[in-house]
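Here are my notes for someone opening this structure for the first time. Have a look at the chains below, then read on with the view open.

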2 protein chains.
Amino acid sequence: MPTILDVARKANVSAMTVSRVINGSGPVNEETRRRVEQAMKELDYYPNSNARSLVKKETRLLSLLITDITNPFYTTLARGAEDAAKRLGYRLIFCNSDEDPAKEKEYIEMLLSTQVDGVLFAPSGDDSLKNLRLLRKQGIPFVLIDREVPNLECDKVLGDSMLGAHKLMEHLIENGHRRIACITGPKHISTARDRLQGYLATLKLHDLEIDPSMIIETEYTLGSHQEVMQKLLELQTLPTAIFAANNFVALGAIKELRKHGWKVPEDISVVCFDDLDLLQDLDPFLTVAKQPSYDFGVFGVQMLVERILGTATSNFRTIVLPPEIIIRRSSRNINAALE
Amino acid sequence: MPTILDVARKANVSAMTVSRVINGSGPVNEETRRRVEQAMKELDYYPNSNARSLVKKETRLLSLLITDITNPFYTTLARGAEDAAKRLGYRLIFCNSDEDPAKEKEYIEMLLSTQVDGVLFAPSGDDSLKNLRLLRKQGIPFVLIDREVPNLECDKVLGDSMLGAHKLMEHLIENGHRRIACITGPKHISTARDRLQGYLATLKLHDLEIDPSMIIETEYTLGSHQEVMQKLLELQTLPTAIFAANNFVALGAIKELRKHGWKVPEDISVVCFDDLDLLQDLDPFLTVAKQPSYDFGVFGVQMLVERILGTATSNFRTIVLPPEIIIRRSSRNINAALE
């Protein structure tokens with residue numbers, strides 16, 4: 001880990017000058033300041049985290065980085081993480097990367113300057129690797145949740161996206177569906193790749209045609225799925241069912257379908273990953289692969305705290321929490337007569 | 001604002017000893033450490049925030065303190081706050097007080113040690129006054145959102161709970177309801193008091209009886225509203241409608257009603273404050289006083305940043321954002337025949 005002396009050497013100034021730049025505690029000319037800041041950046045030197053690692057000061061503060069604070073999957077996960085943190089004597093702050101690697105990087109830099117003991121990290125995608133390496137370099141323990149990042153060994157709490165996709169597809173095929181569209185998430189997110197793979201594998205298993213025009217990529221966020229649905233509705237042979245990569249994709253799809261006069265499930269069935277938690281009691285509608293999101297948070301914090309306290313085994317662990325298929329009104333048997 | 005010398009004087013030690021305790025940078029005996037920590041506590045001395053105010057270091061980091069991360073009212077508000085913060089060049093971390101003043105206090109202390117430029121603060125209740133005074137003492141700007149705290153002059157973004165309650169009650173009365181129960185929120189939260197007052201004032205306006213057994217207090221959180229509903233269902237003359245203090249209270253009430261075989265709206269109408277945002281497109285059901293929660297976040301951050309930059313007027317401002325009444329299937333006219 002770099003020290004203040006390394007920074008001074010690299011910037012060709014005295015340690016006192018570096019200290020002045022960091023603390024704003026005295027006059028430094030603009031050109032020198034820039035050189036020191038450049039050296040700090042190149043060395044990945046973070047004043048506070050370095051000070052901390054020197055004295056091993058515990059803050060008993062954890063951070064949970066999620067990618068979409070409006071998605072119930074993540075808010076329920078946050079609830080679980082918070083309950084576990086409280087039980088273990090930690091506080092938890094939340095950051096929302098908004099599926100944006102640049103924003104994620106800003107938050108990671110902030111967390112390095114602030115003093116957190118560890119980070120529960122839902123990566124915005126494969127590009128998160130750089131940000132995670134930054135954490136590791138600074139010796140901050142982290143646990144990945146929900147999504148994998150290739151080429152990184154670490155503790156993880158993941159769902160089983162392949163299995164969930166397979167089971168949702170089996171449900172549709174059992175109910176007579178043969179032309180099933182897949183509205184998949186961004187390719188740079190592991191869960192999107194796994195769900196797509198589950199879709200493809202299940203079609204193959206049943207010797208069903210794979211039609212590339214029926215596979216459309218979109219964002220996981222709620223925003224507008226208008227264009228995507230437009231594409232789908234312009235197909236010559238329309239699908240009888242949609243497998244949506246998550247709850248927000250399904251919501252967006254249903255909204256657009258309704259705009260065009262299509263009824264779910266009468267005209268088309270819709271199934272998806274992740275539930276809309278608050279709807280469970282009121283008027284559950286969507287057929288889903290429900291992931292135990294609360295448990296993601298609980299297990300994630302437990303693993304993280306074990307890693308912080310050094311009570312974890314030295315080997316990294318992966319916990320896989322399988323989804324539960326819940327069949328509701330948004331999907332129907334197309335061979336059965338409508339009620 | 002207290003200095004390290006004040007702490008040293010109070011603890012009857014040298015400033016170097018105080019510094020050692022703060023930084024863990026040398027041996028200090030247990031008894032001395034305790035005395036220093038006690039002195040810091042009594043003086044409200046926070047090492048980092050003091051250092052910061054000395055050098056006026058900007059962090060461009062804001063904190064949003066909400067009371068329930070699973071409630072869509074707050075997650076949509078958070079979304080608005082985040083979008084506004086990004087536009088203005090700030091990052092935002094979230095804390096969830098979980099409606100618990102003790103937890104809120106811990107977060108405030110953490111925010112004082114961490115370096116934030118300002119706090120957007122949804123108070124857990126009237127007891128938040130102490131925590132807000134702590135922020136003010138340390139010179140950290142804040143803006144209250146959603147809830148008021150008596151005896152505190154500050155910037156605020158509030159809804160109009162009285163008006164919303166009045167309009168929901170008018171809707172019920174217009175539709176033939178005369179026995180309307182009120183499941184109100186905790187008395188120590190300003191919105192709960194205002195909504196109850198709106199309920200009472202509207203009954204009086206129409207010369208309707210106020211029956212104390214029909215007014216039941218509960219929590220705003222989703223948890224179990226079982227006991228509360230039990231009380232209501234044991235009444236000799238049952239209500240034909242329920243005015244619920246928020247969305248989660250309504251959800252809990254409907255769940256319990258269904259358990260006991262009551263149908264909404266056939267057997268009883270239910271209206272409430274705050275929408276369930278994700279339901280809007282899918283299967284909107286609840287009659288609500290919908291608050292512009294996204295705008296709460298946007299205006300809150302704007303006011304906060306103006307206060308931080310010193311571009312705000314010196315007088316504190318209050319922005320009131322009125323709710324919109326949306327009538328849906330959960331309430332019906334009891335004089336009309338059922339379809």
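A quick caveat before the points: this is a predicted model.

1. Start with one pair of side chains. Arg193(A) and Asp126(A) come together in a salt bridge, with 2.7 Å from N to O. Between domain 2 of chain A and domain 3 of chain A, the count is one salt bridge. Polar contacts add to the picture, with five residue pairs found across that interface (both at pLDDT 80 or more).

2. Which helices should you look at on the domain 2 side? α5 (72–87) and α13 (293–309) of chain A each bring at least two residues to the face that touches domain 3 of chain A. α5(A) gives the most, with three residues. By type, that side of domain 2 of chain A splits into six nonpolar, seven polar and six charged residues.

3. Now step back to the domain layout. The assignment for chain A lists domain 1 (4–43), domain 2 (61–159 + 292–322) and domain 3 (161–291 + 325–338). The contact between domains 2 and 3 of chain A draws 19 residues from domain 2 and 18 from domain 3. Their centres, taken over C-alpha atoms, sit 29 Å apart. Together they bury about 1400 Å², and carbon and sulfur atoms give 50% of that.

4. On to the two chains. Chain B superposes on chain A by a rotation of 180 degrees, with 0.0 Å of shift along the axis and an RMSD of 0.1 Å. The two copies are therefore related as by a two-fold rotation axis. Which residue of chain B comes closest to that axis? That's Phe94(B), with its C-alpha at 2.4 Å. Both copies use the same surface, and 100% of the contact residues of chain B recur in chain A.

5. How much area do the chains bury between them? The figure is about 4000 Å², with 61% of it on carbon and sulfur atoms. Three residues to pick out are Arg91(B), Leu278(B) and Leu282(B), which supply 18% of the area chain B buries against chain A, more than any other three residues. The contact takes 43 residues from chain B and 43 residues from chain A.

6. Last, the polar side of the chain interface. Six salt bridges turn up between chain B and chain A. The side chains of Lys86(A) and Asp100(B) also meet in a salt bridge, at 3.7 Å from N to O. Several elements of chain B supply at least two residues each to the side touching chain A, including α5 (72–87), β2 (91–96) and α6 (101–113). That side of chain B divides into 21 nonpolar, eight polar and 14 charged residues.

Technical notes. Residues numbered from 1 in each chain as written. Chains lettered and ligands numbered in written order. Predicted model: local features only at pLDDT ≥ 70, side-chain atom pairs only at ≥ 80, totals over all residues. Heavy atoms only, no water. Domains from an automatic or database assignment. Contact = heavy atoms within 4.5 Å. Buried area = accessible area lost by both parts, 1.4 Å probe. Salt bridge = Lys/Arg side-chain N within 4 Å of Asp/Glu carboxyl O. Polar contact = N/O pair within 3.5 Å; in protein donor to acceptor, adjacent residues only side chain to side chain. Helix = DSSP H or I, 4+ residues; strand = E, 2+ residues; numbered from the N terminus. Nonpolar A, V, L, I, M, F, W, Y, C, P; charged D, E, K, R; others polar. Least-squares fit on C-alpha atoms with pLDDT ≥ 70 in both.
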